[in-house]
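Student: Please take me closely through one part of this structure, the surroundings of whatever is bound there. Before that, set out any points of backbone geometry that I should have in mind while I look at the model.

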Amino acid sequence: MKAQSNPHPLNPPPLRNDCFTMPQGAHWTPVETASNHLRDQLSAISGVETIPIASAAKRFLAQDVIALRSHPPAPNAAVDGYGFAGPAPDGPQQIPLVAGRAAAGQPYIGAVPKGQAIRILTGANLPEGVDTVVLQEDVNASETQIAFHGPLKRGANARNAGEDMKQGDVILPANHQLTSADLGTMAAAGISEVAVRKRLRVGILSTGDELRDPGTNADVGHIFDANRPMLCAVADGWGYDVIDLGRAPDDRPKLRAMLDEAAKQCDVIISSGGASAGDEDHMSALLQDTGSFALWRIAMKPGRPLAMGLWNDTPVFGLPGNPVAAMVCALIFARPALRIMAGGDWQEPEGYLVPAAFTKSKKDGRREYLRARIENGHVQVFASEGSGRVSGLSWATGLVELGDPAQKVVPGDLVRFIPFGNFAL
Ligand code: AMP
Ligand code: MG
């Protein structure tokens, strides 16, 4: 059976040239304003394809999924035992057995007469005349009869047809990202193929003359490129088709040529470094000439400006170069933006209030994300807030989010902890 799908789905239109342009005042933009802008201005950019459910994990549904068959399709036994017409009254019961049995995939043909019982196994369809099952462990049985203690309600240990899903029900909504559980749900409802968005092709680019690849020679002026393997793995975990675009030097013509190539192969480009407004911030400088450029000064720590724009219609997210800032900006902005462009729904990361194990006083007017982990039921933060200290991301199992107003945290105060798992890391 196949899910219905549009036979000739059109590819969605590219993003508008001004999709990243946001009214900017003298003040820094709150995280919420920036997020709302992405939510409202971006749209799905990947086309639609129909694929087998087995390869659909992490894909975004292009349309609602409708159950092709009820689950279970017929009433059946929830346990191994003996089936009969219920209820059974209070007190000791003795019921004669019919010959034969009902097992999963091996139905009993015929009806069980009233006042008689039949051997039945888990998953077997209830034969005609049976609506109740007594658990095998509660029964003394011989070849010809069973004895047990009542009462037993009508319908005990039996599953109704369609109690889980009914044919024709919408079981999963469009834009939902399929989980491994969803593959089981769709299979149970008789669905073998599903219409999903094509995998977003996400290019990851590092920029900076100082960068070298680990394993190659580096002198004191060089640092190893930490962002690229990290961001490639992040995007891969989100279910995208990752294209490693390598490293660009701080050289405008070379970066331009790399962006031209990248825009042909990618739906989205995520770069790190060179995103501010300094002499060596070539990513910003090049995007500036496209007419689509926006430099978002976000009231957030860590994270300096985010450079965004379209390069030949391909959206570019210019993340800060410092690894911690690059990671946090990827989680807070690139993740929801990519989800929308990949055909997904808007999703806020789920966080939990956990008592703090730390002391901190923060300024008014910016949101802060601290590397954090749970220790003995309390949340502890990394000893340093330096945004170059990438090892703190390895130490952490999530982020503490402190809201925009000034705040003094003392041990025992409840703070919002977002496990990395809730960013799908
Ligand atoms: P930028 O935003 O280019 O000014 O870079 C800010 C800081 O992040 C500088 O100290 C860079 O050396 C560092 N940085 C930039 N890109 C990377 C990278 N891919 N891996 C590690 N550090 C980086
Ligand atoms: Mg740089």
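Tutor: Asn157 is placed in the loop that runs between strand 9 (145–152) and strand 10 (158–159), and its phi is near 55°, which is a positive value in a residue other than glycine. Please keep in mind throughout that this is a predicted model.

Two proline residues also deserve attention for their peptide bonds. The bond that leads from His71 to Pro72 is cis, with omega near -5°, and Pro72 belongs to the loop between strand 2 (65–66) and strand 3 (76–77). The bond from Lys301 to Pro302 is likewise cis, here with omega near 0°, and Pro302 is found in the loop that joins strand 19 (300–301) to strand 20 (306–311).

With the backbone in view, we can turn to the part you asked about. Ligand 1 is surrounded by 15 residues, and the closest of them are Glu210, Asp225, Ala226, Gly274 and Arg304. Sorted by class, this shell comprises 5 nonpolar, 7 polar and 3 charged residues.

Several contacts to the ligand involve backbone atoms of the protein. At Gly274, which is among the closest residues, a polar backbone atom is 2.8 Å from an oxygen atom of ligand 1. At Ala226, also among the closest, a backbone N or O atom lies 3.0 Å from a nitrogen atom of the ligand. For Gly321, the distance between a backbone N or O atom and a nitrogen atom of ligand 1 is 3.2 Å. Taken alone, ligand 1 would expose 480 Å², and the protein buries 78% of that area.

The space that ligand 1 takes up is the second largest pocket of the model. Among the secondary structure elements, those that contribute two or more residues to the ligand shell are strand 13 (201–207) and strand 15 (223–224).

Considered as a space in its own right, the second largest pocket holds about 300 Å³. Its lining consists of 20 residues, with Thr207, Glu210, Gly273, Gly321 and Asn322 lying nearest the centre. Strand 13 and strand 15 are again the elements that give two or more residues, this time to the lining of the pocket. Glu210 therefore appears in both descriptions, because it is listed among the residues closest to the ligand and among those nearest the pocket centre. The lining divides into 5 nonpolar, 9 polar and 6 charged residues.

For comparison, the largest pocket has a volume of about 360 Å³. It is lined by 20 residues, and those closest to its centre are Gln177, Arg335, Arg339, Gln347 and Ala424. By class, the lining of this largest pocket is made up of 7 nonpolar, 8 polar and 5 charged residues.

Technical notes:
Residues are numbered from 1 along each chain as its sequence is written. Chains are lettered from A and ligands numbered from 1 in the order in which they are written. This is a predicted model: local features need pLDDT of at least 70, side-chain atom pairs count only at pLDDT 80 or more; totals for chains, interfaces and linings use all residues. Side-chain values use heavy atoms; hydrogens and water are left out. A residue is near a molecule or strand if one of its heavy atoms lies within 4 Å of it. A polar contact is a pair of N or O atoms within 3.5 Å; within protein, one must be able to donate a hydrogen and the other to accept it, and residues adjacent in sequence count only if both atoms are side-chain atoms. Accessible areas come from the Shrake-Rupley method with a 1.4 Å probe; for residues, only the protein chains shown count as cover. On a 1 Å grid over the protein atoms alone, a cavity is a set of points where a 1.4 Å probe fits but cannot get out, and a pocket is an open set with protein on both sides within 12 Å along at least five of seven lines; lining residues have an atom within 4 Å of a point. A molecule sits in a cavity or pocket if more than half of its atoms lie within 2 Å of its grid points. Helices (H or I, at least four residues) and strands (E, at least two) are DSSP runs, numbered from the N terminus. Ala, Val, Leu, Ile, Met, Phe, Trp, Tyr, Cys and Pro count as nonpolar, Asp, Glu, Lys and Arg as charged, and the others, Gly among them, as polar. Grid points are joined across faces, edges and corners, and a volume is the space filled by probe spheres set on the points.
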